[in-house]
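Please open the model beside this page and keep the sequence at hand. We will visit a few places together, one after another.

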Amino acid sequence: MAEHNVCVELVRERQKCTFEVQELIHLIDGGITATEERREVENVVCTDPRIKDVVPEEYLSHKERYENAIRKNCILQEILKKYTEKRTWDNFRPSNKYRISSGVVKDISPFMLHTGMFIPTLVNQSDDEQKAKWVPKAMSMEIIGTYAQTELGHGSFIRGLETTATYDPNTEEFVLNTPNLTSYKWWPGGLAHTANHCIVVAQLYSKGQHYGVHPFFVQIRDIETHVPLPGIKVGEIGPKLGFQTANNGFLGFENFRIPRRNMLMKNAQVLKDGTYIKSKNDKLTYGTMVFVRVIILFDLAFELSRAATIAVRYSAVRHQSQLKANEPELQIIDYVTQQHKLFIGVSTSHVFRVVGLWLWNTYVKVNADIGKGNMDQLPELHALACCLKAVCSRDAAARVEEFRLACGGHGFMTSSNLPIINGIVSASITYEGEFSVLMLQTARFLMKAWNGVLARKTLTPTVSYLSKFSNSDRVQWANTTAGIISGFQAAAAGKTKEAYAAIQSYLKPGTDYEDAWNSASVQLVSASEAHCRAILCEISWSEMQRLSKTVSPNLGKVLLELAELYLTYWSLEKRGDLLMYTTISTADIAKLQARYEELLALIRPNAVGIVDGFDIRDEILNSTLGAYDGRVYERLMEEAKKSPLNAEPVNESFHKYIKPLMLKAKL
Ligand SMILES: CC/C=C\C/C=C\C/C=C\C/C=C\C/C=C\C/C=C\CCCCC(=O)SCCNC(=O)CCNC(=O)[C@H](O)C(C)(C)COP(=O)(O)OP(=O)(O)OC[C@H]1O[C@@H](n2cnc3c(N)ncnc32)[C@H](O)[C@@H]1OP(=O)(O)O
Ligand SMILES: Cc1cc2nc3c(=O)[nH]c(=O)nc-3n(C[C@H](O)[C@H](O)[C@H](O)COP(=O)(O)OP(=O)(O)OC[C@H]3O[C@@H](n4cnc5c(N)ncnc54)[C@H](O)[C@@H]3O)c2cc1C
């Protein structure tokens, strides 16, 4: 970007920055080569003239919008494929594939589920022969798939799914059926008109026995004509709050037959005669969900970084109101309330990225152990993935909404891109495991851990802190980062203990455990949240500390300020918990507040530099308010002029309706 086109405010902001932005970019990417690789691909994709829209997506009809998304995503796939052929393209991280798709369509790609769930399920749940047959075709997009699990009647309760797969040993086939309206598959992305295959999660029956839900590889459309195969009823579910171009669909089966070997057989198998071979652990069927819950943290970090870039740059460009009489209007970023809205979101993006990487490494390790037959760590991984996905998606949505509000009226414009990002992030609270449902899964793990505390057993690593805080004494508070982390752990332990006690107190004679659990579930969710906050604080602080030692002192200082801001912000937000479970005093809280305000002031001069460090191209940002050059007002006007309503000075509705109305009023 030529600096002479950049508005004066952003030029000044960039001059103020105390660290090398390039260094931060490389840190986020994971090295100089990774930055170069990413930028090269982004450049090829974003400068392809076929990708540029003449009419902005939001003015298209629902149907046109989908068709445009498909057209452009096919171009993207073509480019990505050429790249893969040209070079070994291992460095282009999978999360970058999500990132680049934002440079192609503003909303979600109809191919998202192909990359994000169809391929991972084939890779992780097929046996070797199946993998060899299907994965190359899916990778090259010779076949296009999705993940069809949720039904009209059931999403959270997977055991309640109603689609049936009944084995017929005479033909060595499974017969798929949708027995009633509520058993229609409902929601899968790309299912409606994009995919010709899908993973169908269905209840398995063989030899008259029911064996629970299993994944099946199912072709739903003819490869040549794309016409739905006989016995398949498929279509689109209609417009939503967001995800307009995701092509979410419904699917029903009528005695639809698939070969026996189309059941994914890495974990459980059905033999030719219908004999069922059990999986080592029936929860391995849920493996793709664990995988996606883990990688969602990266996507959330990225979406937050987009929203942060938009809101921070806009806040530097925008002037509003006078702080002192006769002085120029302030850049809105200089109002401390504005910094309070902005900087926690910026910091949260870094926290999600580093905790996401830690979770990813844990996932890789546990998966490797599972491969060797050791399932010991699976419950802990599941509990971690559940609460982190749930809390981070909810936090991300709150932060994006705050960024939107921070942009005032202009943040309400679709052209700011904040409403679209809002829709994308809000959806993540529900999909891949609804918030409360996942929090209660983690609570199950915490209750078991508390049993372990009472039995003086050694606990697994992420809950081992519970033993330290098992007595009733309030924990000694210290106004340090270590003190804050310890305070969060004390709160988590205290809440876990109380939720446990609440279940016991509800367990009167004649009460089932499940009813007691339900009665105590608000406290259980609260305990899960506290546990998750303790993890977010502990891991982000230790990771940011580690990273700060790998970079220049100037950048290291900024990383630590961001990490400390996160801890301090949440200490203040959760002061009630800290008052309950630690010896924190009102004077300590006042000190925390003062430190928080100090951190806002320290971050302020680097704010634009920090969001520049996310290195998000204008085409990927897609925002009138957030572009690198800060020409906010020119862009808002340019975009407004693209409204089809502005193509004619008088709209025909005037003559048809308004004028007759006015004439009638005269009579
Ligand atoms: C680094 C990145 C690499 C690659 C990335 C590649 C490309 C990137 C490109 C794109 C990104 C891709 C995707 C992500 C991004 C965006 C997403 C975009 C689109 C949206 C997709 C959305 C898709 C979906 O929503 S699919 C449907 C998801 N559905 C759910 O999540 C349902 C939630 N419900 C459940 O999980 C379960 O039913 C339940 C857990 C709630 C209950 O199950 P069940 O009743 O069977 O169990 P319980 O009786 O409660 O418990 C029994 C015991 O089992 C334990 N348990 C449960 N689940 C698991 C599990 N998964 N693993 C291990 N153990 C489990 C449970 O804890 C109980 O144990 P206990 O000992 O008895 O207590
Ligand atoms: C944008 C989007 C994309 C999606 N993509 C896909 C996809 O590609 N493939 C796919 O298979 N699915 C997909 N889904 C479906 C998604 O996974 C489900 O919507 C999600 O798992 C929640 O299930 P549900 O809709 O049945 O909600 P419900 O389970 O009906 O939840 C409704 C309410 O009931 C509460 N509740 C439910 N059970 C419990 C419980 N045990 N304890 C306490 N409270 C409970 C919930 O907390 C919630 O408040 C998608 C959904 C969305 C929104």
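A residue is called buried if 20 or more other C-beta atoms lie within 10 Å of its own, exposed if 12 or fewer, and partly exposed in between, with C-beta atoms placed from the backbone. Keep in mind that this is a predicted model, in which local features need pLDDT of at least 70 and side-chain atom pairs count only at pLDDT 80 or more, while totals for chains, interfaces and linings use all residues. Residues are numbered from 1 along each chain as its sequence is written, and chains are lettered from A and ligands numbered from 1 in the order in which they are written.

Let us try the definition on three loop residues. Helices (H or I, at least four residues) and strands (E, at least two) are DSSP runs, numbered from the N terminus.

| Residue | Loop between | C-beta neighbours within 10 Å | Class |
|---|---|---|---|
| Pro649 | H22 (632-641) and H23 (652-666) | 5 | exposed |
| His226 | S6 (209-219) and S7 (232-236) | 13 | partly exposed |
| Phe243 | S7 and S8 (249-253) | 21 | buried |

Two of these have a backbone feature to look for. His226 is not a glycine, yet its phi is positive, about 65°. Phe243, also a residue other than glycine, has a positive phi near 60°. As for Pro649, its C-alpha atom is separated by 48 Å from that of Ile143, and the two residues are 506 apart along the chain.

Now move to the interior. A nonpolar core is a set of buried Ala, Val, Leu, Ile, Met, Phe, Trp, Tyr and Cys residues joined through C-beta atoms within 7 Å. The largest one here has 168 residues, and Leu297, Ala311, Cys387 and Leu388 have the most contacts inside it. Helix H8 (residues 287-317) gives the largest share of this core, 21 residues. Apart from this core lies another, of 8 residues, including Val41 and Leu76.

Which residues does Leu297 contact, leaving aside its neighbours within four places in sequence? They are Phe352, Val355, Gly356, Leu359, Leu388 and Cys392, where contact means that the C-beta atoms, placed from the backbone, lie within 7 Å.

Helix H11 is a good next stop. Its 13 residues should span 18 Å at 1.5 Å a residue, and its end C-alpha atoms are 19 Å apart, which agrees; the expected span is 1.5 Å times one less than the number of residues. Among its buried residues are Leu418, Ile421, Asn422 and Val425. The buried residues of H11 pack against H8, helix H10 (378-406) and H12.

Just after H11 comes Glu432, with a positive phi of about 60°. Glu432 lies in the loop between H11 and H12. Is Glu432 buried or exposed? It counts as buried, because it has 23 C-beta neighbours inside 10 Å. Not counting residues up to four places away in sequence, Glu432 touches Met289, Val292, Arg293, Ile296 and Lys389. An unreviewed UniProt entry annotates Glu432 as "active site"; such annotations may be inferred rather than shown by experiment, and UniProt positions are given in the numbering used here, with feature names shortened.

Finally, look around ligand 2. Of the 22 residues around it, Gln149, Thr150, Gly155, Ser156 and Trp187 come nearest; a residue is near if its C-beta atom, placed from the backbone, lies within 6 Å. Strand S1 (147-148), helix H11 (418-430) and helix H12 (435-454) each give two or more residues to this shell. The largest share, 3 residues, comes from H12.

Key: Contact = placed C-beta atoms within 7 Å.
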